[in-house]
Structures are given as C-alpha cells and as structure tokens.
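Got your viewer open? Load the model, switch on side chains and keep the selection box handy.

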Amino acid sequence: MRALIAVSCAALTVAALAVAPNAFAADAITAQYRTSASGATTDQVEPWFKLVNSGTTSVPLSDVKIRYYFRVDTPDVGYRFACSWAVRGCGNVTGQFGTLTGGQADRYLEVGFTSGAGTLAPGQDSGDLQLRFYRTNWGPITQSDDYSFRGESTYSAWNRVTVHRGGTLLWGTPPGGSPPTTTTTTSTPPNPNGPKMFDDFSYTGSSDSRISQRGWTVRSGGGGPGVPGAEWDPSRVTFPTVDGQKVMRLDSWNNGSAARQTEMFHQRKFFEGTYASRVKFSDAPVFGPDGDHVVQTFFTITPLNAPMDPNYGEIDFEYLPNGGWGEPANIMYETTWETYQNEPWVADNIHNEQRASYSGWHDLVFQVANGRVKYFIDGVQVADHGDKYYPETPMSINFNLWFISGGLQGGSAERAYQQEVDYVYFAKDQVLSPAEVRTAVQNYRSSGVEHVDNV
C-alpha cells in the first residue's frame with residue numbers, strides 16, 4: 001500500500017499545463033495526490049502527497065509549501081494536523097491552516113518542511129507524505145465538496161493541490177477568492193488546567209455502579225487474546241487496599257488447560273497527551289506451580305475494523321515474567337502498532353525491550369505528542385517511536401492479565417497470577433514529565449480527590 005508509484009511521462013505532460021509562470025524558471029515541481037479516506041464524510045481527512053521534481057535544478061524542500069483547499073465544517077471548532085508517516089521523517093514535516101474568502105474554498109492546509117527534509121534533485125520524488133487532519137472535537141467532516149478532495153487510492157498528478165516556492169506558484173490552480181490570510185498554527189500551548197482523567201480505583205467491587213458510570217468496563221465473556229476458550233471473569237477483578245492505597249487487582253487463573261483471565265478498560269476517547277499508571281507486576285503465581293507464559297499490561301488501543309486497518313493504533317507496556325514469544329525469561333516490551341491482521345498473521349509494529357525482572361511497583365508513563373510516542377519506566381525513558389507508528393485515532397485505556405496461547409506449563413494443578421494498579425492518569429494535549437505526573441497525582445490525593453474526568 002505504501003510502495004512508491006512511478007509517474008508516467010504522459011501524466012506529467014498533461015498536468016504540467018496547470019503550472020503558473022514563476023520566477024524560478026528552472027523549477028518544476030509536480031504534486032501527486034491520493035487518499036486513504038475516500039468517503040464523502042470521514043472523521044479525518046487523509047491527503048497523501050508526493051512531490052516530483054521534473055525541472056533542472058535541485059530545490060531545498062524547506063523552501064517549498066503544499067496547499068490543500070477545503071470548506072470549513074460547522075460549527076468551526078478548528079482543525080489539527082498530524083503526520084502519520086513520511087519518507088523524509090515526520091519530524092521534518094510541518095502543517096498549519098489558513099483562510100480564504102470569496103472562492104471555492106474558505107480554508108487550506110499548508111504543508112511545509114524543515115531543513116532536515118533535505119533537497120529534491122531533478123528527477124527525484126519526495127517519497128510518501130502520509131498526512132491527516134481532523135476537527136478538534138473529532139466531529140464528522142464532509143469532504144465531498146472540498147476543492148482539493150479526490151477519492152483516488154493511487155498516486156497521480158492533481159492540479160487542485162498547489163505547490164509554492166517562496167511567493168511563487170510552481171504547480172496547480174488555486175480555488176480563487178481573496179489572497180490567503182496569515183496562516184494559523186495547528187496547535188495551542190499546553191493548558192495546565194486542561195482536560196484530565198484520574199482514577200484512584202476506590203471501588204467496592206467489579207459490580208460497583210460507579211465503574212460503568214465513569215466510563216469503565218470490566219470485561220466478561222470470551223474472545224482473544226489468550227488461551228483458546230478462556231473466559232474473561234469479572235469476579236476476579238477486585239479492589240483491595242494494598243500498601244496503604246486502594247488498588248485494582250487483576251487475578252487470572254488456569255489449571256493447565258482452562259483459564260479465567262481479567263481485563264478492565266475505559267471508553268475510547270483518549271488521544272494526544274500524557275498517560276500514566278503505577279503498576280505492581282509479579283514474577284511468580286500467588287499459588288500453584290510457576291512457569292506459565294503470562295502477560296501483564298498497561299496499554300491503549302483502537303479497534304481493528306478490518307485486516308491491516310490503517311486507522312488502527314495500539315501503545316503497549318507488556319511484561320512477561322516467564323518469557324514467551326520466543327523469549328526464555330523476564331522481559332518488558334514497549335510496542336507501538338501501525339496495524340496487523342490475524343489470518344495469516346502479519347504484524348506492523350515497532351518495539352523496545354528490557355530483559356530484566358520488573359517484579360514490584362513501577363511508574364509507567366508514555367507521552368503521545370508531536371508525532372512521537374515516548375515511554376518511561378520509573379522516570380527513565382526506555383523507548384521513542386514515531387513516523388507511521390504514531391496513532392491516528394482516539395484510543396481506550398486498558399489493563400489486562402492473560403495467558404499466551406500454547407504457553408501453559410505443567411500439569412493440572414491450579415495456579416493464579418496477580419497484577420495490581422494503584423492509579424491511572426491522563427492529561428489531554430500536555431507533555432508532562434514523570435516527575436510532573438507524580439506531583440499531579442500527589443495533589444489529587446492530598447486534596448482527597450478519588451476520581452476526575454473532564455476529557
């Protein structure tokens with residue numbers, strides 16, 4: 001899907017008629033366009049570009065701007081830009097919005113580049129720019145009436161996208177109307193009083209009505225991941241007091257064949273910002289023989305709507321105290337997913353790992369911002385992922401404890417493993433250090449706050 005697609009000479013010849021006269025006489029840059037969101041309405045617009053230099057001079061990409069024109073959706077709550085993946089690196093791609101009046105569009109996305117994107121030599125293309133933008137309230141976007149929209153899934157030259165160098169138009173036909181206003185940036189400074197979610201897990205049990213009222217679900221029934229036929233058992237999710245604090249305890253059981261696993265997850269509404277939790281991992285079962293391949297987690301996830309769904313996302317802390325997936329012993333994974341399919345199994349992700357015991361309490365933090373996902377354990381950064389692996393859509397927050405298929409050891413003796421969670425915290429659109437997270441949690445607790453959620 002993401003392979004580079006060659007441009008035919010015939011297409012360039014015809015499309016080149018759209019290029020306006022310019023001061024850079026030797027410059028000729030064509031914009032190719034496709035989209036991975038071709039519906040008349042969508043939750044996010046996904047304009048993907050390649051720039052092709054058919055001229056005779058090398059052009060620094062930092063001099064170049066691409067404009068994609070559209071009509072604003074009402075109410076106008078503003079838009080946000082994101083780069084999902086770019087051959088030149090998402091850290092070298094910028095996006096901001098501007099306004100027009102009196103023509104066929106009243107808004108545009110302007111895509112630019114930093115010096116790190118390099119130059120575009122004659123005969124060269126920029127490689128994929130897989131971009132997207134969405135309304136700040138994640139409301140629906142009607143794109144069928146947008147000037148630059150075309151529901152094509154393969155790259156070809158498209159003259160309703162314009163390319164500029166300095167103040168000179170190199171390619172395309174603008175939609176008319178008044179000259180553009182000063183562009184506005186796509187992001188706002190972090191708001192220290194912005195939306196937060198904090199939960200101290202002060203519940204009486206898995207049937208406490210406040211759990212669902214606050215957006216949580218204690219999972220029941222069957223389904224993956226885990227041992228085939230395993231049941232997700234709400235009764236094994238409890239809320240005892242441990243080390244002076246109320247905690248959520250996941251207690252998962254098996255007898256060598258049958259298994260009861262545990263999971264609790266929040267509604268899907270979390271995206272960019274800082275996520276944190278204090279989790280107690282365990283290396284050994286609380287009773288019974290040891291050795292099962294068990295997974296203890298803190299993660300976020302977007303549902304997979306179809307195999308290799310490009311809008312799927314997942315950000316994982318996964319601790320395997322007894323190894324598994326080819327590992328012989330303790331290992332902690334930080335994994336960020338682009339997508340996957342089950343049959344046959346294809347995984348498109350990136351991960352880091354630490355081969356060590358993490359038994360006991362640990363502060364886990366990950367930041368989702370500016371095209372990067374950064375993971376921290378006990379204040380130390382352990383992973384930094386981005387580019388195409390950066391999430392595209394809102395996610396749910398999850399904790400689960402499950403057994404890897406084929407990883408149950410020993411005979412039929414019963415055994416159970418536990419994971420405990422002290423709190424969970426999310427700060428929307430803020431990049432907080434682990435120390436700042438600790439301070440925020442301490443402030444909630446010193447004020448007697450057990451739960452807040454205005455996300």
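What follows is a walk from residue to residue, with a stop at each selection.

Before clicking, know that this is a predicted model, in which local features need pLDDT of at least 70 and side-chain atom pairs count only at pLDDT 80 or more, while totals for chains, interfaces and linings use all residues. Numbering runs from 1 along each chain as its sequence is written, and side-chain values use heavy atoms, with hydrogens and water left out.

**Stop 1: Q418**

Select Q418, which sits in strand β33 (residues 415-428); strands here are DSSP runs of E of at least two residues, helices are runs of H or I of at least four, and both are numbered from the N terminus. Is Q418 buried or exposed? Its relative accessible area is 17%, so Q418 is buried (buried means under 20%, exposed over 50%, partly exposed in between, with a 1.4 Å probe and protein chains only).

Now show polar contacts (N or O atoms within 3.5 Å; within protein, one must be able to donate a hydrogen and the other to accept it, and residues adjacent in sequence count only if both atoms are side-chain atoms). The Q418 side chain has one with the side chain of D251 at 2.8 Å and another with that of R249 at 3.4 Å. Beyond its neighbours within four places in sequence, Q418 has contacts (heavy atoms within 4.5 Å) that include S282, V286 and L401.

**Stop 2: along β33**

Stay with R249 and add E420: the two form a salt bridge, with the closest N and O atoms 2.6 Å apart (a side-chain nitrogen of Lys or Arg within 4 Å of a carboxyl oxygen of Asp or Glu). Because E420 is in strand β33 and R249 in strand β22 (residues 248-254), this pair ties together parts 171 residues apart in sequence. E420 is buried at 5% relative accessibility, whereas R249 is partly exposed at 21%.

Next, pick D422 and R445, whose side chains meet in a salt bridge of 2.6 Å, N to O. This pair links strand β33, home of D422, to helix α3 (residues 434-446), home of R445, with their positions 23 residues apart. D422 is buried at 6%; R445 is partly exposed at 25%.

**Stop 3: rings**

How many aromatic pairs does a search of the whole structure find? There are 39, counting Phe, Tyr and Trp rings (for Trp, the six-membered one) with centres within 6.5 Å; planes under 30 degrees apart are stacked, over 60 edge-to-face and the rest tilted. Select Y312 and Y340: their ring centres are 5.1 Å apart and their planes at 75°, so they pair edge-to-face. Y312 is buried at 2% relative accessibility, and Y340 is buried at 17%.

For a tilted pair, try Y425 and Y444, at 6.3 Å centre to centre and 55° between the planes. Y425 belongs to strand β33 and Y444 to helix α3, so this pair ties together parts 19 residues apart in sequence.

**Stop 4: the core**

Finish with F201, M264 and F399, which touch the most other members of the largest nonpolar core, a set of 44 residues (buried Ala, Val, Leu, Ile, Met, Phe, Trp, Tyr and Cys joined through side-chain atoms within 4.5 Å). A second, separate core has 35 residues, including A117, F149, V163 and W171.
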